[in-house]
Amino acid sequence: MSSAIRPSNLIQVFAFADDYSFAILQSHLHWLWFITKCGKLTERFRYSAESVFDTYPWPQAPTPKQAEALAEAGRQVRRVRTGALSEMEGGLRALYRTLELPGANPLKDAHAALDAAVLAAYGFSAKKDLLAQLLDLNLAVAQRLEKAEPVTPPGIPANFPKPQTLISDDCIRAPALG
């Protein structure tokens, strides 16, 4: 990291290189968990690893097809964002504010597809309370951990046959130093 960058304790980094994890962390499901579990100072949300990330249960038994669908949905969100950002000013914040506008929106469509892929990987129903389903999974994972039984941690599932296929090179890269 460049010495010109001075991160603070408020920065959260998800050091995953894969599109599968990106999709899960960009999902509405993760957002719901975040706004429920995060710290709040006035109206501002504060993401913390201890209260949000460490307690967020990842899909425990996604099929390879579901994992691939998640990765592709994550790539599509990035493609749409990249295309839209080249056409507008204001960065991601301005782009995501367009979701509040009526009418067709490619980013809204990309996120809807991503969310559908996430729910499929979790085996959750969109017709039931999503937070209740997440909490049930969280409790089941905690029970398995107490019994020293295996659980699926964050990242590409260990049994995925070709992990390299879930990694693309369209992510943000640090500029070359001097």
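**Close-up 1. Helix H3 and its buried residues in the predicted model.** Buried in H3 are Ala67, Leu70, Ala71, Ala73, Gly74, Arg75, Val77, Arg78, Val80 and Arg81. Three arginines, Arg75, Arg78 and Arg81, are thus listed among the buried residues. Their cover includes helix H1 (19–25), H4 and H5. H3 spans residues 64–85 and has 22 residues. Its end C-alpha atoms lie 32 Å apart, which agrees with the 32 Å expected at 1.5 Å a residue.

**Close-up 2. Helix H5 and its packing partners.** H5 has 17 residues. From its first C-alpha to its last it reaches 24 Å, close to the expected 24 Å at 1.5 Å a residue. Leu107, Ala110, His111, Leu114, Ala117, Val118, Leu119, Ala121 and Tyr122 are its buried residues. These pack against H1, H2, H3, H4 and H6. Gly123 follows H5, and its phi is positive, near 75 degrees.

**Close-up 3. Asn105 at the N-terminal end of H5.** Asn105 sits in the loop between helix H4 (91–97) and helix H5 (106–122). Its relative accessibility is 10%, so Asn105 counts as buried; the cut-off is under 20%. Asn105 caps H5: a side-chain oxygen lies 2.8 Å from the backbone nitrogen of Leu107. Leu107 is itself among the buried residues of H5. The Asn105 side chain also reaches the backbone oxygen of Thr98, at 3.2 Å. Beyond its neighbours within four places in sequence, Asn105 is in contact with Thr98 and Leu99.

**Close-up 4. The crossing of H2 and H6.** Helix H2 covers residues 28–37 and helix H6 covers residues 130–146. Their axes come within 10 Å and cross at roughly 80 degrees. That makes H2 roughly perpendicular to H6. By class, seven nonpolar, three polar and no charged residues form the contact. On the H2 side are His28, Leu29, Leu32, Trp33 and Thr36. They meet Leu130, Leu131, Leu134, Leu135 and Asn138 of H6.

**Close-up 5. His30 in helix H2.** His30 is found in H2. At 4% relative accessibility, this histidine counts as buried. Leaving aside neighbours within four places in sequence, His30 is in contact with Ile24, Leu25, Tyr47, Val52 and Tyr56. His30 and Leu134 are 104 residues apart in sequence. In space, C-alpha to C-alpha, they are 9.4 Å apart. Leu134 is one of the H6 residues that meet H2.

**Close-up 6. Leu137 in helix H6.** Leu137 has its place in H6. Its relative accessible area is 14%, and the residue is buried. Residues up to four places away in sequence aside, Leu137 touches Pro57, Trp58, Gln60, Tyr122 and Phe124. Tyr122 is 15 residues from Leu137 in sequence. Their C-alpha atoms are 9.1 Å apart. Tyr122 also belongs to the buried residues of H5.

**Close-up 7. Thr152 in the segment after H6.** Thr152 lies in the segment that follows H6. Its relative accessibility is 18%, so Thr152 counts as buried. Not counting residues up to four places away in sequence, Thr152 touches Trp58, Pro59, Gln60 and Pro157. Trp58 and Gln60 are also among the residues touched by Leu137.

Methods:
Residues numbered from 1 in each chain as written. Predicted model: local features only at pLDDT ≥ 70, side-chain atom pairs only at ≥ 80, totals over all residues. Heavy atoms only, no water. Helix = DSSP H or I, 4+ residues; strand = E, 2+ residues; numbered from the N terminus. Buried < 20%, exposed > 50% of the residue type's maximum accessible area, 1.4 Å probe, protein only. Polar contact = N/O pair within 3.5 Å; in protein donor to acceptor, adjacent residues only side chain to side chain. Contact = heavy atoms within 4.5 Å. Axes fitted to C-alpha atoms, helices over the stretch in contact; angles between N-to-C directions. Parallel < 35°, antiparallel > 145°, perpendicular 65-115°, else oblique. Nonpolar A, V, L, I, M, F, W, Y, C, P; charged D, E, K, R; others polar. Expected span 1.5 Å × (residues − 1).
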